[in-house]
Amino acid sequence: MKLTELAEKHPTEGQDLYYSRIRREGLQWNYKRVRRVYLLLGLNRRRKARKRIPARVKQPLLRPEAPCQTWSVDFMSDVLINKRKFRTFNIIDDYNREVIAIEAAHSMPATTVIRLMEQIIGEKGKPQRIRSDNGPEFLSKEFREWCAGKNIELQYIQPGRPMQNGYIERLNRTFRQNVLDAYLFEDIMQVQIQAEEWMQEYNYTRPHKSLNGRSPMDLRCPAGGV
């Protein structure tokens, strides 16, 4: 059990390091005995270590005190009439629930996400923090380094806890009901046009219960950001 535990926690290490760890814990098993069990478990066979998501500290979903403090980001997926898949990259300001952007594309790698974020920040200003799930685009080295270079804090939610990103989850549900599930799209341009028209109505005229019946634009982020 001890060797199995060590192998799961430290998959890149071998017998000698496991034995050293065992001895440091005060367990007095001799080397030959540990070696015999190590071989019986097949731990000497080369194995590929699976990439793991770092442990995330639970962050309560608190409304920021001002606009442009925290943006939440997420992806959605759907298909065109011809069954070709597409994705939308959605961004919301947690303070006033403004939809900062909805960008549609067939492919959305980390490099595309960074390019879109550069464009959006140039228009809207820079957030202090970005909240996201543990998707590969957000975990990528390119995106993390870009955020660090921009002095933007990355706040990952815990795996399997989407409500820690509840503001954008609510937006996604409304967007799917009103746009993705309501229309049949022939091409990606139709998706983008419909998304932008919906954003205008959502940001400027739709009353929000969480904002006491006001629209996001009644609490608009000042020009230039932070």
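**Exercise 1. Helices α4 and α6**

Determine whether α4 and α6 are roughly parallel or roughly antiparallel to each other.

*Solution.* The structure to be examined is a predicted model.
Step 1. Locate the helices: α4 covers residues 110-124 and α6 covers residues 141-149.
Step 2. Read the geometry: the two helices pack at an angle of about 25°, and their axes are 10 Å apart.
Step 3. Apply the cut-off: angles under 35 degrees count as roughly parallel, and α4 and α6 are therefore roughly parallel to each other.
Step 4. Identify the residues in contact: α4 contributes Val113, Ile114, Met117, Glu118 and Ile121, while α6 contributes Glu142, Phe143 and Trp146.
Step 5. Sort these residues by class: the contact of α4 with α6 has six nonpolar residues, two charged residues and no polar ones.

**Exercise 2. The buried residues of α6**

State which residues of α6 are buried and where they lie around the helix.

*Solution.*
Step 1. The buried residues of α6 are Phe143, Trp146 and Cys147.
Step 2. Viewed down the axis of α6, these buried residues fall within an arc of 100°, so they line one face of the helix.
Step 3. Turn to the other side of α6, where Lys141, Ala148 and Gly149 are exposed.
Step 4. Ask what covers the buried residues of α6: the cover includes α4, β4 (129-132), α5 (136-139) and β5 (153-156).
Step 5. Continue past the end of the helix: α6 is followed by asparagine 151, which has a positive phi, near 60°.

**Exercise 3. Helices α2 and α3**

Describe how α2 and α3 cross and which residues bring them into contact.

*Solution.*
Step 1. Helix α2 consists of residues 15-24 and helix α3 of residues 31-40. Their axes come within 11 Å and cross at roughly 130°.
Step 2. That angle makes α2 oblique to α3.
Step 3. The crossing in which α2 passes α3 is right-handed.
Step 4. On the α2 side, the contact involves Gln15, Asp16, Tyr18, Tyr19 and Ile22; these meet Tyr31, Val34, Arg35 and Tyr38 in α3.
Step 5. The residues of this contact of α2 with α3 divide into six nonpolar, one polar and two charged.

**Exercise 4. Helices α1 and α2**

Describe how α1 packs with α2 and classify the residues of the contact.

*Solution.*
Step 1. Helices α1 and α2 pack at an angle of about 120°, and their axes are 11 Å apart.
Step 2. In passing α2, α1 makes a right-handed crossing.
Step 3. The contact is made by Lys2, Leu3, Leu6 and Ala7 of α1 together with Tyr18, Arg21 and Ile22 of α2.
Step 4. Five nonpolar residues, two charged residues and no polar residues make up the contact of α1 with α2.

**Exercise 5. The buried side of α2**

Which residues of α2 are buried, and against which helices do the buried residues pack?

*Solution.*
Step 1. In α2, the buried residues are Gln15, Tyr18, Tyr19 and Ile22.
Step 2. They cover an arc of only 100° around the axis, which puts them on the same side of α2.
Step 3. The helices against which these buried residues of α2 pack are α1 (2-9) and α3.
Step 4. Just after α2, glycine 26 takes a positive phi of about 90°.

**Exercise 6. Two single residues**

Decide whether tyrosine 95 and aspartate 78 are buried or exposed, and describe their surroundings.

*Solution.*
Step 1. Tyrosine 95 lies in the loop between β2 (85-93) and β3 (99-105).
Step 2. Buried means under 20% relative accessible area; tyrosine 95, at 16% relative accessibility, therefore counts as buried.
Step 3. Tyrosine 95 is 116 residues from leucine 211 in sequence, and their C-alpha atoms are 9.5 Å apart in space.
Step 4. Aspartate 78 is placed in strand β1 (residues 70-79).
Step 5. With a relative accessible area of 19%, aspartate 78 is buried.
Step 6. Not counting residues up to four places away in sequence, aspartate 78 touches Arg84, Lys85, Phe86, Arg176, Leu180 and Asp181.

**Exercise 7. The whole protein**

Summarise the secondary structure, burial and contacts of the protein.

*Solution.*
Step 1. The protein has eight helices and five strands.
Step 2. Along the sequence, these follow the pattern α-α-α-β-β-β-α-β-α-α-β-α-α.
Step 3. The protein has 226 residues, of which 45% count as buried.
Step 4. Among contacts in the protein with a separation of 6 or more, 61% are between residues 24 or more positions apart.

Conventions:
Residues numbered from 1 in each chain as written. Predicted model: local features only at pLDDT ≥ 70, side-chain atom pairs only at ≥ 80, totals over all residues. Heavy atoms only, no water. Axes fitted to C-alpha atoms, helices over the stretch in contact; angles between N-to-C directions. Helix = DSSP H or I, 4+ residues; strand = E, 2+ residues; numbered from the N terminus. Parallel < 35°, antiparallel > 145°, perpendicular 65-115°, else oblique. Left-handed = near helix turned anticlockwise from the far one by under 90°. Contact = heavy atoms within 4.5 Å. Nonpolar A, V, L, I, M, F, W, Y, C, P; charged D, E, K, R; others polar. Buried < 20%, exposed > 50% of the residue type's maximum accessible area, 1.4 Å probe, protein only. Arc of directions from axis to C-beta.
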